[in-house]
Each structure stands twice: as C-alpha cells, then as structure tokens.
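Here is my note on the model you sent. The points follow, in brief.

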Amino acid sequence: MLETATSRITQAFVAEVLGAAGDKRVLKPLMRAVAHPANVRYTSQLLWACSRYDCSAHLAFFVRFLLTRAEADEGMMWAMAVIENMKGPFAPAAVKRAIAQLLRPKQQLLSADTQAELFRVQAAYALLDRYFGQVDQDWKKEL
C-alpha cells in the first residue's frame, strides 16, 4: 500500500501508523516506498515515519536520498531530520564516506537552491557531531 497507494491520504495514514508502531521492522517497507518511483513527490510522510526510529543502520540509504535530490523539498528536510536523529555507533569508514559525499555531492544543484545545500551540510554536521562524540566516548573508555 505504501508503494502504490492510489490515495495519498491512505498512504499518509499508513505511514503515520507505521511511524507510531515502535517496531523497527517497519523501516524496510517505508524505505522501499520512499525509493519507489511513483512516490518521488510524496516522500515527506514516509520519511517523517522513518524519523520516529533510530535509522543508524540505514545511513547509506538516507545519504543517497539526499544526494539524488536536485532541489530542496519537504522530503529532503525529513531525510535530514532522520540523519539528525541517528544515534550510532557508526563504522568509521562508513560515516567518513557519508560525510564526504554530503559535503561534495557529484550532482550539481540548481543555481539558486542554497536550501538543498544547507540540508546536506546540516546532515553532514549532525554526523560529524555524533561521530566525534562516539570517538570521544571510545577514548574515555580506554583511560
């Protein structure tokens, strides 16, 4: 229903229910729906539902989502919120790659779309903050 719902009201309702479910197993169907071509302009409700969970294990998916958007939209804002809500821990190589990708996107942004760039930089900043916190905790454990 999330991938091919003909009614966006139905899709939003299902996404809201899954967001409130409290069961991480709902993330896979939500992410499939986000990636489905029919939902390209209707991802905000789906991503909002994802933001209710710690999606640290799916970092690459949400980074890829941010990088494939040519212009800022509500979906991009919610993908950034999902990344900001990630708690980690992150594998050093994976988080460094994600940060580098967000700060140096291969796709050119529309010239006037500084909002999309802001969303990407904000997501990178959130990852840097979490990762440095993780490194700091690891360092303190060694003492």
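Contact here means heavy atoms within 4.5 Å. The model is predicted.

1. Helix H1, length. H1 covers residues 8–20, which is 13 residues. At 1.5 Å a residue, these should span 18 Å. The end C-alpha atoms of H1 are 18 Å apart, so the expected span and the model agree.

2. Helix H1, buried side. Which residues of H1 are buried? They are Gln11, Val14, Ala15, Leu18 and Gly19. Around the axis they cover an arc of only 135 degrees, which means that they sit on the same side of H1. These buried residues pack against helix H2 (27–35) and helix H3 (44–50).

3. Helix H1, other side and end. Ile9, Phe13 and Ala20 are exposed, and they lie on the other side of H1. Two of these names, Ile9 and Phe13, may catch a reviewer's eye; the model has them exposed. After H1 comes Gly22. The phi of Gly22 is positive, near 75 degrees.

4. Helix H2. Here the buried residues are Leu27, Leu30, Met31, Ala33 and Val34. Seen down the axis of H2, they fall within an arc of 160 degrees, so they line one face of the helix. The partners of these buried residues are H1, H3 and helix H4 (59–67). H1 and H2 are thus described from both sides: the buried residues of H1 pack against H2, and the buried residues of H2 pack against H1.

5. Helices H6 and H7, geometry. H6 spans residues 92–103 and H7 spans residues 114–142. The two pack at an angle of about 155 degrees, with their axes 8 Å apart. Angles over 145 degrees count as roughly antiparallel, so H6 is roughly antiparallel to H7. Their crossing is left-handed.

6. Helices H6 and H7, contacts. Which residues of H6 meet H7? On the H6 side they are Pro92, Val95, Lys96, Ala98, Ile99, Leu102 and Leu103. On the H7 side they meet Arg120, Val121, Ala123, Ala124, Leu127, Leu128 and Tyr131.

7. Gln134. This residue is in helix H7. Is Gln134 buried or exposed? Its relative accessible area is 14%. Buried means under 20%, so Gln134 is buried. Leaving out residues up to four places away in sequence, Gln134 touches Pro89 and Phe90.

Technical notes. Residues numbered from 1 in each chain as written. Predicted model: local features only at pLDDT ≥ 70, side-chain atom pairs only at ≥ 80, totals over all residues. Heavy atoms only, no water. Helix = DSSP H or I, 4+ residues; strand = E, 2+ residues; numbered from the N terminus. Expected span 1.5 Å × (residues − 1). Buried < 20%, exposed > 50% of the residue type's maximum accessible area, 1.4 Å probe, protein only. Arc of directions from axis to C-beta. Axes fitted to C-alpha atoms, helices over the stretch in contact; angles between N-to-C directions. Parallel < 35°, antiparallel > 145°, perpendicular 65-115°, else oblique. Left-handed = near helix turned anticlockwise from the far one by under 90°.
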